[in-house]
Amino acid sequence: MAKRADLSPAVVRPGQPVVRLERVGFQRREFDEAWLRDLLFENARLLPVDEIEPVFSPLVPIATELATPVGPVDLFCVSPEGYPTLVEVKLWRNPEARRQVVAQAIDYAAQVSRWSYSNLVDAVRARRPDIAAADPLIELLNRSEGEVDEQRFTDALARNLRLGRMLLLIVGDGIHESVEQMAETLGQSPHLGFTLGLVESSIYRLPGGSSEYVVFPRLVMRTQEVVRAVVEVNCRIAPEDVRVTLPTATELRRPGARVSLTQEAYLARLAETATPALVEKVRTFLSDVRDLGVELVGRHSSLSLHYQHPASERWFNFGSLVVDGEVDFYFVLDWVVREGLPEAVAMAYLRRLAELVPGSRVETKVTKTGDHRSFVKVEGRHVLLAELLRTPSDWPDAIRAMMAEIDHALNPGG
């Protein structure tokens with residue numbers, strides 16, 4: 001098997017010699033684990049969290065060396081949705097690190113998952129005496145992201161700690177195959193309640209001894225599923241009478257079985273204002289469209305439906321589900337035009353959806369920058385999830401029809 005090649009990037013300026021960037025060598029004393037930890041603390045968004053699970057993004061750095069009973073967590077971050085990330089920094093010049101790092105990260109996660117929200121606040125306050133606020137987590141989030149909903153955040157973070165819903169990131173200058181294999185084995189264990197990611201960070205210094213750096217983070221691997229079995233017994237029963245059945249590997253690989261934390265976070269937000277019946281309809285709809293090949297891309301307040309045509313690898317948009325119950329089709333037309341397909345492909349889909357909601361109509365406009373915007377509105381507002389999902393199969397059928405029209409437009413003779 002060929003070894004990984006790490007070629008040095010180069011600066012190319014017209015009419016001037018090519019200049020190779022200098023790789024930061026962590027064998028030198030000025031570049032150690034503390035240096036890399038502090039670099040990530042100051043620039044936490046260097047870490048490719050969106051590629052792992054968007055609900056953990058954006059990373060808001062809270063504290064370094066957060067004390068736990070089994071040792072300090074190198075870097076602790078949270079997202080505005082209340083999902084915690086624990087970062088362990090390891091430089092592979094230490095042979096012991098290769099054997100211990102994954103187990104060490106799991107120990108930290110196990111300890112943090114036993115904390116209440118107030119326990120976490122106390123631990124953060126001990127590391128951040130510079131934050132005078134009663135709740136340093138809320139203060140740091142407000143500074144980074146603007147005013148957050150304090151009650152929603154604290155409830156979500158407390159729940160995620162209790163359920164072990166957290167991201168563990170192991171970051172180093174080179175991830176060795178033995179660590180990859182160990183992490184892959186752990187990722188196949190369905191009783192683990194966290195997501196694990198391995199990240200290589202190659203760092204280069206600009207020419208001339210500059211104090212400026214170019215950082216190349218690369219996601220080496222991540223666990224594919226987050227599954228947790230929770231058993232609650234409310235009557236007297238012998239332990240041998242309790243049986244817990246976890247999903248098989250085959251069941252976990254079924255498209256309909258993949259439920260990301262981002263999707264669960266969206267459904268939890270929707271449930272704050274929607275009826276339980278609507279939430280279940282949405283859950284079923286999301287399962288159905290995933291089976292069609294639709295990718296669910298989550299952000300703070302919405303869940304977008306993206307589709308990559310398998311033959312051409314071109315991307316299309318089927319709309320966004322907003323947590324307030326509305327549905328936004330803002331980018332449907334624009335993505336079709338951007339990929340060079342006739343506007344009619346998008347318009348046919350939008351008209352099918354408008355037919356599902358009495359009184360609704362399709363609207364479009366072209367912005368000053370040339371972007372094509374599309375809407376399905378009724379009485380001046382966006383259509384609602386409850387209106388589109390009156391008959392559960394109608395919206396998936398419209399998506400299936402648009403997929404067929406995309407395929408025909410890209411392969412007219414096929």
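Me: Is Val121 buried or exposed in this model?
Reply: The model is predicted, and Val121 lies in helix α3. Buried means under 20% relative accessible area. The relative accessibility of Val121 is 7%, so the residue counts as buried.

Me: Which residues does Val121 contact, leaving aside neighbours within four places in sequence?
Reply: One of these partners is Leu137, which is 16 residues from Val121 in sequence. In space, the two C-alpha atoms are 7.0 Å apart. With the neighbours within four places left aside, the contacts of Val121 are Ala134, Asp135, Pro136 and Leu137.

Me: Where on helix α3 do its buried residues fall?
Reply: In α3, residues 117-127, the buried residues are Tyr117, Leu120, Val121, Ala123 and Val124. Viewed down the axis of α3, they fall within an arc of 165 degrees, so they line one face of the helix.

Me: Which elements do the buried residues of α3 pack against?
Reply: Two of the elements are strands, β4 (60-68) and β5 (71-78). Helices also take part. The full set is β4, β5, α4 (136-145) and α5 (150-163).

Me: What geometry does the aromatic pair of Phe329 and Trp395 have?
Reply: The structure holds 9 aromatic pairs, and Phe329 with Trp395 is one of them. Their ring centres are 6.0 Å apart, with 65 degrees between the planes. Planes over 60 degrees apart count as edge-to-face, so the pair is edge-to-face.

Me: How many residues apart in sequence are the parts that this pair of Phe329 and Trp395 ties together?
Reply: Phe329 lies in the loop between β13 (327-328) and α10 (332-338). Trp395 belongs to helix α13, residues 394-410. The pair therefore ties together parts whose separation in sequence is 66 residues.

Me: What is the relative accessible area of Trp395?
Reply: Phe329, its partner in the aromatic pair, has 0% relative accessibility and counts as buried. Trp395 is buried as well, and its relative accessible area is 0%.

Me: Which residues form the aromatic cluster that includes Phe329 and Trp395?
Reply: Phe329 and Trp395 form an aromatic pair, and both belong to one cluster. The members of that cluster are Phe285, Tyr307, Phe318, Phe329, Tyr349 and Trp395.

Me: Which strands stand at the edges of the sheet β14-β15-β16?
Reply: This open sheet has 3 strands, paired antiparallel. Each edge strand has a single partner strand, so one side of each is left without a neighbour in the sheet. The edge strands are β14 (360-366) and β16 (381-382).

Me: What is the bridge partner of Arg361 in β15?
Reply: β14 and β15 (residues 372-378) pair in the antiparallel sense over 7 bridges. Over the face of Phe375, at 4.9 Å from the ring centre, lies Lys377. In β15, the bridge partner of Arg361 is Lys377.

Me: Which helix packs on the sheet by touching β14 and β15?
Reply: The direction of this helix makes about 150 degrees with that of β14. The helix spans residues 343-356 and is α11.

Me: Which helix packs on the sheet β10-β11-β12-β13?
Reply: This open sheet has 4 strands with antiparallel pairing, and its edge strands are β10 (295-298) and β13. The helix touches β10, β11 (302-308) and β12, and its direction makes about 140 degrees with that of β11. It spans residues 261-270 and is α8.

Me: Which residue of β13 stands opposite Ser320?
Reply: β12 (residues 315-322) and β13 pair in the antiparallel sense over 2 bridges. The residue opposite Ser320 in β13 is Asp328.

How values were computed: Residues numbered from 1 in each chain as written. Predicted model: local features only at pLDDT ≥ 70, side-chain atom pairs only at ≥ 80, totals over all residues. Heavy atoms only, no water. Buried < 20%, exposed > 50% of the residue type's maximum accessible area, 1.4 Å probe, protein only. Arc of directions from axis to C-beta. Contact = heavy atoms within 4.5 Å. Phe/Tyr/Trp six-rings, centres within 6.5 Å; stacked < 30°, edge-to-face > 60°. Lys NZ or Arg CZ within 6 Å of the ring centre and 35° of its normal. Pairing = 2+ DSSP bridges. Axes fitted to C-alpha atoms, helices over the stretch in contact; angles between N-to-C directions.
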